Amino acid sequence: SPLLGNLSLFYKFNETTGATAIDSSTNGNDGVITNDVLINQTGLIDKCYAFNTDGGTNDYVVIPDNDSLSFGSGAFSIEVWLNPDANFGEIINKYNATTGLLEYRMFAQSGTIQFYIYTDSGNNIGLADNVTYTTGSWQQIVVTNDGSGSPSGLKMKVNNTVGSFSPVETGNYTGMPNTAQDVYLGQRSDNLTSTSRYVGEMDILRAWKGYELTDAEITTLYNSGAGTETL
């Protein structure tokens, strides 16, 4: 099954102690829990992590760079469940504007989820989803890319619903480079004290390299809003 064979990252966020976010895929992409990220919180399923909910200002998780987390010009999919306290913030990114190491970035701004994939700063494809991103409730965010390089190949669903915005290409996107940039959850690596930090809870993060989830698979993972930790 490609849901298992192409799985490059799987965080259940079920840790109760320690400073390591355990990757349940076979790739060993464990992360480092930094500052005051609260673990052992009640999640959508079992436990979850809470970022900056206790007055902190720079909570994040760092996932060391690995080829399995760079998607190149191929297909990929990312799923994450969020229960935000604010309608803005950095969610997941392999992105550093200072060094120019740019691959992908997901963030919320004014209640709209945005996702970008980069060849470089002047050549990218961006997608904003106008499906309501609400505070105080769990919601599933899924981004998929078919690997065609066309803007139409980049898609997003919030709670199994497609927004009406279309992806937009800037310049000429030809695929993402395989950079040495680490993956960050909850903050951007180039500004760790930025006010654009994610505030809220995060549960069930999965990424697939070389595979575009089908609509039926996304629906199964959504599970009527209950989510699932099985594949």
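1. Buried here means under 20% relative accessible area, exposed means over 50%, and partly exposed lies in between, with a 1.4 Å probe and protein chains only. By that scale N223 is partly exposed, because its relative accessible area is 37%. N223 sits in the segment after α2 (215-222); helices (H or I, at least four residues) and strands (E, at least two) are DSSP runs, numbered from the N terminus. Its backbone deserves a look, since N223 has a positive phi of about 55° although it is not a glycine.

2. On the basis of the note: this is a predicted model, in which local features need pLDDT of at least 70 and side-chain atom pairs count only at pLDDT 80 or more, while totals for chains, interfaces and linings use all residues. Residues are numbered from 1 along each chain as its sequence is written, and side-chain values use heavy atoms, with hydrogens and water left out.

3. A second asparagine with a positive phi is N159, at about 50°, and this residue is not a glycine either. Most residues other than glycine have a negative phi. N159 is placed in the loop between β13 (154-158) and β14 (161-162). Is N159 buried or partly exposed? N159 counts as partly exposed, because its relative accessibility is 24%.

4. Strand β17 (residues 200-209) is mostly covered, with 9 of its 10 residues buried. Which strands pair with β17? Two strands pair if DSSP finds at least two bridges between them. Strand β1 (residues 7-11) pairs with β17 in the antiparallel sense over 4 bridges. Strand β7 (residues 76-84) is also antiparallel to β17, over 8 bridges. Strand β5 (residues 47-51) is joined to β17 by 3 bridges, and these two strands run antiparallel.

5. Individual bridges help to place these strands on the model. W208 in β17 is the bridge partner of L7, and W208 is also the bridge partner of S77. For β5, A50 stands opposite E201 in β17.

6. Strand β9 (residues 101-109) is mostly covered as well: 7 of its 9 residues are buried. β9 pairs with β8 in the antiparallel sense over 7 bridges, and L101 in β9 is the bridge partner of N96. The hairpin of β8 and β9 has 4 residues between the strands, and G100 takes a positive phi near 80° there.

7. β9 also pairs with strand β10 (residues 112-120), in the antiparallel sense over 6 bridges. A108 stands opposite I113 in β10. These two strands form a hairpin with 2 residues between them, and S110 in the turn has a positive phi of about 55°.

8. N93 lies in strand β8 (residues 89-96). N93 counts as buried because its relative accessible area is 0%. What lies 3.1 Å from a polar atom of the N93 side chain? The backbone oxygen of Q187 does; a polar contact is a pair of N or O atoms within 3.5 Å, where within protein one must be able to donate a hydrogen and the other to accept it, and residues adjacent in sequence count only if both atoms are side-chain atoms. Taking contact as heavy atoms within 4.5 Å, and not counting residues up to four places away in sequence, N93 touches Y104, R105, D182, V183, Y184, Q187, R188 and S189.

9. T132 lies in the loop between β11 (123-129) and β12 (139-145). T132 counts as exposed because its relative accessible area is 55%. Not counting residues up to four places away in sequence, T132 touches Q139 and V158. The C-alpha atoms of T132 and G55 are separated by 25 Å, and the two residues are 77 apart along the chain.

10. A cavity is a set of points, on a 1 Å grid over the protein atoms alone, where a 1.4 Å probe fits but cannot get out; lining residues have an atom within 4 Å of a point. The count comes to 1 cavity of 30 Å³ or more. The largest cavity holds about 50 Å³ of space, the volume being the space filled by probe spheres set on the points, with grid points joined across faces, edges and corners.

11. Which residues line the largest cavity? They are L9, I63, L69, F71, I78, I92, Y104, V183 and A207. The lining divides into 9 nonpolar residues, no polar and no charged; Ala, Val, Leu, Ile, Met, Phe, Trp, Tyr, Cys and Pro count as nonpolar, Asp, Glu, Lys and Arg as charged, and the others, Gly among them, as polar.

How values were computed:
On a 1 Å grid over the protein atoms alone, a cavity is a set of points where a 1.4 Å probe fits but cannot get out, and a pocket is an open set with protein on both sides within 12 Å along at least five of seven lines; lining residues have an atom within 4 Å of a point.
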